[in-house]
Amino acid sequence: MEQQEKLLKFQKAVFAEVDQKTALIRKEAEEAKAQTLKQTKDELLVQAEEELHMRAAEIRQENRRETAKCSLDAKCALLKKRAELTEKIFAQVEDKLRDYCRTEEYQKNLIKRVAAFADAHPDGDLVLSVGENDSALSEELKNALGRPCEIRTDPSVTLGGFIVFDRTQNLYYDETFAQKLADQKPYFIEHSSFTL
């Protein structure tokens with residue numbers, strides 16, 4: 001019996017040691033599992049945060065693009081509308097100038113303007129070009145210049161006024177209403193309430 005008792009004691013000791021080692025292995029496995037889960041969770045949180053930041057940056061960039069596109073579209077629409085309104089206003093002014101060019105007041109004004117030009121440019125061999133409607137004033141225009149000159153009819157002078165070519169200096173002076181109106185367009189756009 002003694003041997004059986006020794007065997008039982010030995011068996012108990014072995015089983016106790018096995019239980020102890022098993023408990024230790026389980027504890028280590030649980031700790032490793034917990035640590036691995038924590039590490040994986042931390043990595044997933046970092047990855048999720050990076051993805052969230054990246055997605056937020058993409059959304060911000062997309063919003064900036066959309067805002068810029070909307071702003072550009074709005075500016076284009078405003079520019080188009082401004083151009084339409086400007087053209088409409090200047091077309092109305094052209095119509096009024098055409099009506100004005102049929103008046104006696106315009107004829108007197110044209111002769112005064114030619115005389116003022118002659119005073120400002122006393123020298124030179126001049127060619128004076130006027131519109132077809134103003135060619136009937138040739139003698140009055142020559143008198144206003146106060147010197148001999150050639151008077152021509154120019155079909156491009158449609159809104160009144162005149163063009164002078166100085167043969168001596170090889171210079172053109174465009175004193176037509178069409179040119180004066182064209183010169184006013186940039187000023188009008190800049191100083192009107194049609195700004196962007």
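## The largest pocket

The largest pocket has 13 lining residues, and those nearest its centre are Asn133, Val157, Thr158, Leu159 and Gly160. Bear in mind that this is a predicted model. The pocket's volume comes out at about 190 Å³. Rolling a probe the size of a water molecule over the atoms is what shows where empty space is left.

What does the lining look like by class? It splits into 5 nonpolar, 4 polar and 4 charged residues.

## The sheet

Next up is the sheet. It is an open one, built from 4 strands in the order S2-S1-S3-S4, with mixed pairing. S2 (150–153) and S4 are the edge strands, each pairing on one side only. From one strand to the next, the twist averages 20 degrees.

Strands of a sheet pair through backbone hydrogen bonds, and they can do so parallel or antiparallel. Here, S1 (residues 126–130) and S2 run parallel and are joined by 4 bridges. S1 also runs antiparallel to S3, with 5 bridges joining the two. Ser129 is a handy residue to click on: its bridge partner in S2 is Arg152, and it stands opposite Ile163 in S3.

## Strand S3, inside and out

Why call S3 largely enclosed by the rest of the structure? Because 6 of the 6 residues in this strand (residues 161–166) are buried, and a residue needs to be under 20% relative accessible area to get that label.

In a regular strand the side chains alternate between the two faces of the sheet. For S3, both faces turn out to be covered. Gly161, Ile163 and Phe165 are buried on one side, and Phe162, Val164 and Asp166 are buried on the other.

## The S3–S4 hairpin

S3 and S4 (residues 171–176) run antiparallel, and 6 bridges join them. Together they make a hairpin with 4 residues in between. Which turn residue has a positive phi? That would be Asn170, at about 55 degrees.

If you want to trace the pairing by eye, two pairs will help. Phe165 has Tyr172 as its bridge partner in S4, while Gly161 stands opposite Thr176 in S4.

## Cysteines without partners

How many disulfides are there? The count comes to 0. Take Cys76, which is in no disulfide: the nearest cysteine sulfur belongs to Cys70 and is 12 Å away. A disulfide calls for two sulfur atoms within 2.5 Å. Cys76 counts as partly exposed because its relative accessibility is 44%.

Cys101 is also too far from a partner for a bond, because the closest cysteine sulfur, in Cys149, is 20 Å from its own. Is Cys101 buried or exposed? With 15% relative accessibility, Cys101 counts as buried.

## Out along helix H1

Last stop, the helix. Glu28 sits in H1, which covers residues 2–100. Its relative accessible area is 46%, so Glu28 is partly exposed.

How far is Glu28 from Asp174, going by their C-alpha atoms? The separation is 100 Å, for two residues that are 146 residues apart along the chain.

Conventions:
Residues are numbered from 1 along each chain as its sequence is written. This is a predicted model: local features need pLDDT of at least 70, side-chain atom pairs count only at pLDDT 80 or more; totals for chains, interfaces and linings use all residues. Side-chain values use heavy atoms; hydrogens and water are left out. On a 1 Å grid over the protein atoms alone, a cavity is a set of points where a 1.4 Å probe fits but cannot get out, and a pocket is an open set with protein on both sides within 12 Å along at least five of seven lines; lining residues have an atom within 4 Å of a point. Grid points are joined across faces, edges and corners, and a volume is the space filled by probe spheres set on the points. Ala, Val, Leu, Ile, Met, Phe, Trp, Tyr, Cys and Pro count as nonpolar, Asp, Glu, Lys and Arg as charged, and the others, Gly among them, as polar. Buried means under 20% relative accessible area, exposed over 50%, partly exposed in between (1.4 Å probe, protein chains only). Two strands pair if DSSP finds at least two bridges between them. Axes are lines fitted to C-alpha atoms, for helices over the stretch in contact, and angles run from 0 to 180 degrees between N-to-C directions.
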